[in-house]
Amino acid sequence: MKIDRIEHIGIAVKSIDQALAFYEGVLGLQCYKQEIVEEQHVKTAFLQLGNVKIELLESTWDQGPVAQFIAKRGEGIHHIAYRVESTQEALQEALDKGLPLIDQTERDGADNMKIGFVHPKGSFGVLTEFCSEKVERT
Ligand code: ZN
């Protein structure tokens, strides 16, 4: 697998507005985009820091995956996303090496990325995301 760098760190919060008071107001980062990902029942906010992003995740549904995460573990780091050349190939390699996957095939994520998750029980408790830029295939 060819990992380029950490692309972003996902952080589960109860309220993006309240979290931005810290990330913008205290750390001085800038939120450049907010986006709702309907299938994941989540609202996201992105802040850039060098070539790494912080992705804030707020649930839009009290039964959604981020709401369940917060109910179980509280607010905090939710996942780490590695930037790869091809999300699909990275998922396939993880599968070939016996890792449990959440996503068998890549899917559309926020911020114009193709994403896929490895289950945290295969990656020492850290929900692991692969992501690659969406390529328009014509
Ligand atoms: Zn992510």
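# Loops, rings and overall fold

Me: Between which two strands does the loop with Asn 112 lie?
Reply: This model is predicted. In it, strand β6 covers 107-108 and strand β7 covers 113-118. Asn 112 sits in the loop between them, so to place it by the numbering of strands, the names are β6 and β7.

Me: What is the phi of Asn 112?
Reply: Most residues other than glycine have a negative phi. Asn 112 is not a glycine, yet its phi is positive. The value is about 65 degrees.

Me: Is Asn 112 buried, partly exposed or exposed?
Reply: Buried needs under 20% relative accessible area, and exposed needs over 50%. Asn 112 has 45% relative accessibility. That value falls in between, so Asn 112 counts as partly exposed.

Me: Which residue in the loop between β2 and β3 has a positive phi of about 50 degrees?
Reply: Look in the loop between β2 and β3. The residue there is not a glycine, although its phi is positive. It is partly exposed, with a relative accessible area of 28%. Its name is His 41.

Me: How many helices and strands does the chain have?
Reply: Read along the sequence, the pattern is β-α-β-β-β-α-β-α-β-β-β. Each α stands for a helix and each β for a strand. The secondary structure comes to three helices and eight strands.

Me: What is the radius of gyration of the chain?
Reply: The globule rule gives 14 Å for 138 residues. The chain comes close to that, so it is as compact as a globular protein of that length. Its C-alpha trace spans about 45 × 35 × 30 Å along the principal axes. The radius of gyration is 15 Å.

Me: What percentage of the residues count as buried?
Reply: A residue is buried when its relative accessible area is under 20%. The chain has 138 residues. The part that counts as buried is 43%.

Me: How are the rings of Phe 22 and Tyr 23 arranged?
Reply: The chain has two aromatic pairs. In the pair of Phe 22 and Tyr 23, the ring centres are 4.9 Å apart and the planes meet at 80 degrees. Planes over 60 degrees apart count as edge-to-face. So this pair is edge-to-face.

Me: Which of Phe 22 and Tyr 23 is buried?
Reply: The cut-off for buried is under 20%. Phe 22 has 40% relative accessibility, so it counts as partly exposed. At 13%, the buried residue is Tyr 23.

Me: What kind of aromatic pair do Tyr 32 and Phe 46 form?
Reply: Their ring centres lie 6.2 Å apart, and the planes are at 40 degrees. Planes under 30 degrees count as stacked and over 60 as edge-to-face. This angle fits neither, so the pair is tilted.

Me: How many residues apart are Tyr 32 and Phe 46?
Reply: Tyr 32 is in strand β2, residues 31-37. Phe 46 is in strand β3, residues 42-49. The pair links distant parts of the chain, and the separation is 14 residues.

Me: Which residues outside its sequence neighbourhood is Gln 104 in contact with?
Reply: Gln 104 is in the loop between α3 and β6. It is partly exposed, with a relative accessible area of 48%. Leaving aside neighbours within four places in sequence, its contacts are Gln 88, Leu 91 and Leu 95.

Notes: Residues numbered from 1 in each chain as written. Predicted model: local features only at pLDDT ≥ 70, side-chain atom pairs only at ≥ 80, totals over all residues. Heavy atoms only, no water. Helix = DSSP H or I, 4+ residues; strand = E, 2+ residues; numbered from the N terminus. Rg over C-alpha atoms; globule rule 2.2 N^0.38 Å. Buried < 20%, exposed > 50% of the residue type's maximum accessible area, 1.4 Å probe, protein only. Phe/Tyr/Trp six-rings, centres within 6.5 Å; stacked < 30°, edge-to-face > 60°. Contact = heavy atoms within 4.5 Å.
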